[in-house]
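Thanks for asking me to look over this structure with you. Here are my notes, point by point, so you can follow along with the model open beside you.

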Amino acid sequence: MESVAGILRNLWYGFTTVVFPNLCEVCGQTLVTGERTICTKCLMNLPRISQSAPRGLNSVERKCFISNCCVAGTALYRYYRHDPYSQLIKKSKYQGRRDIARNLGVMLARERKPTGFFDTIDYLIPVPIHFFKRIKRGYNQSEEICIGISSVTGIQVTKNLYAKRGHKSQTYKNATDRWNNTEGLFAVKNPKQLENKHIAIVDDVITTGATMQHSAMVLRDCVPGIRISFIAIGTTEH
Ligand SMILES: [Zn+2]
């Protein structure tokens with residue numbers, strides 16, 4: 001005979017699936033067993049970035065590489081602001097859906113792991129957000145992406161970068177404003193930990209690359225022998 005706890009658990013599950021049905025976050029279809037966050041059809045149609053460009057020339061690398069300490073860059077898909085796929089990042093950032101950020105990290109890691117992208121990376125470092133923003137949002141979405149990647153690759157996450165001050169939303173800024181807005185923003189907590197290591201900086205979306213470049217510069221200037229790769233979920237077209 002079923003226990004009271006079991007009955008309550010089933011009732012609760014029934015309640016949550018009615019009130020919060022498990023839907024694809026892109027097209028709204030009900031997810032089936034084995035699908036998480038997005039349905040198989042949307043996963044297949046994801047606007048992936050080309051992985052065949054010569055070294056240093058894919059969309060992420062062109063925007064982020066600052067010097068020859070940079071190793072590689074990748075993103076899961078091409079980000080268009082009004083495309084349904086942009087909802088994945090918007091919800092993970094502005095609607096409290098840290099579960100989506102984690103799953104995006106898992107998806108990216110599963111797709112890139114077989115290519116050897118992660119083979120020599122020692123640490124994942126999330127692009128930091130300022131303390132006050134973190135309190136307000138409750139989490140840093142880049143850190144959640146790192147946790148997702150780490151669960152597949154086993155690479156350790158280290159929050160070795162921090163934001164010295166808050167910075168305004170980058171959403172509607174032009175390239176020059178974005179550059180000035182992030183200059184001098186980041187600092188390294190413990191340079192010793194990263195000496196002669198290969199690290200990957202992780203962010204949700206790369207637009208002009210200013211945030212990634214400033215993060216990389218501070219790491220390059222503070223840490224002897226560091227090698228840097230770049231990972232984002234989305235990258236814009238330019
Ligand atoms: Zn879908």
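1. Let's begin with a pair of charged residues. Glu 25 and Lys 91 are both buried, and they form a salt bridge whose closest N and O atoms are 2.8 Å apart. Please keep in mind that this is a predicted model, and that holds for every value below. The two partners come from distant parts of the chain, 66 residues apart. Glu 25 sits in the loop between helix H1 (4-19) and helix H2 (40-44), while Lys 91 belongs to helix H4 (residues 86-94).

2. How many salt bridges does a search of the whole structure find? The count is 13. One of them joins Asp 99 to Arg 97, with the closest N and O atoms 2.9 Å apart. Asp 99 has a relative accessible area of 36%, so it is partly exposed. Arg 97 is also partly exposed, because its relative accessible area is 26%; the range for that class runs from 20% to 50%.

3. Another salt bridge links Lys 192 and Glu 195, and here the closest N and O atoms are 3.6 Å apart. Is Lys 192 buried or exposed? Its relative accessibility is 63%, so Lys 192 counts as exposed. Glu 195 is partly exposed, at 28%. Turning back to the earlier pairs, salt bridges that share partners connect Glu 25, Lys 91, Arg 97 and Asp 99 in one network.

4. Now have a look at the zinc ion. Which protein atoms are its donors? They are the SG atoms of Cys 24, Cys 27, Cys 39 and Cys 42, lying 2.3 Å from the zinc ion. Along the chain these donors follow the spacing C-x2-C-x11-C-x2-C. Cys 24 lies in the loop between H1 and H2, and Cys 42 lies in helix H2, so this pair links distant parts of the chain, 18 residues apart.

5. Why is the zinc arrangement called tetrahedral? The four donor atoms subtend angles of 103 to 116° around the zinc ion, and that makes the arrangement tetrahedral. For four donors, the label requires all angles to lie between 85 and 135 degrees. As a reference, the ideal angle for four tetrahedral donors is 109.5 degrees. Cys 24 is buried, because its relative accessible area is 3%, and Cys 42 is buried with a value of 9%; the cut-off for buried is under 20%.

6. Ser 92 brings us back to helix H4, where this residue lies. Its relative accessibility is 2%, so Ser 92 counts as buried. A polar atom of the Ser 92 side chain lies 2.9 Å from the backbone oxygen of Ile 89. Setting aside neighbours within four places in sequence, Ser 92 is in contact with Arg 97, Ile 100, Ala 101, Tyr 139 and Gln 141. You have met Arg 97 already, as the salt-bridge partner of Asp 99.

7. Ser 215 is a second serine to try, and you will find it in helix H10 (residues 210-222). Ser 215 is buried, because its relative accessible area is 0%. What does its side chain reach at 2.8 Å? The answer is the backbone oxygen of Thr 211. Beyond its neighbours within four places in sequence, Ser 215 is in contact with Val 127, Leu 161, Phe 186 and Ile 201. The C-alpha atoms of Ser 215 and Pro 128 are separated by 9.3 Å, although these residues are 87 apart along the chain.

8. Finally, the sheet. It is an open sheet of five strands with parallel pairing, in the order E1-E7-E6-E2-E3. E1 and strand E3 (156-157) are the edge strands, each pairing on one side only. Strand E1 (residues 70-78) has eight of its nine residues buried, so the rest of the structure largely encloses it. E1 pairs with strand E7 (residues 227-235) over six bridges in the parallel sense, and Arg 78 has Thr 235 in E7 as its bridge partner. Strand E6 (residues 198-206) also runs parallel to E7, joined by eight bridges; Val 205 has Gly 234 in E7 as its bridge partner.

Conventions. Residues are numbered from 1 along each chain as its sequence is written. This is a predicted model: local features need pLDDT of at least 70, side-chain atom pairs count only at pLDDT 80 or more; totals for chains, interfaces and linings use all residues. Side-chain values use heavy atoms; hydrogens and water are left out. A salt bridge is a side-chain nitrogen of Lys or Arg within 4 Å of a carboxyl oxygen of Asp or Glu. Helices (H or I, at least four residues) and strands (E, at least two) are DSSP runs, numbered from the N terminus. Buried means under 20% relative accessible area, exposed over 50%, partly exposed in between (1.4 Å probe, protein chains only). Donors are N, O and S atoms within 2.8 Å of the metal (3.2 Å for Na, K and Ca); water is not among the atoms, so sites may look incomplete. Four donors count as tetrahedral if all angles lie between 85 and 135 degrees; four count as square planar and six as octahedral if opposite donors are over 155 degrees apart and all others between 65 and 115; anything else is irregular. Contact means heavy atoms within 4.5 Å. A polar contact is a pair of N or O atoms within 3.5 Å; within protein, one must be able to donate a hydrogen and the other to accept it, and residues adjacent in sequence count only if both atoms are side-chain atoms. Two strands pair if DSSP finds at least two bridges between them.
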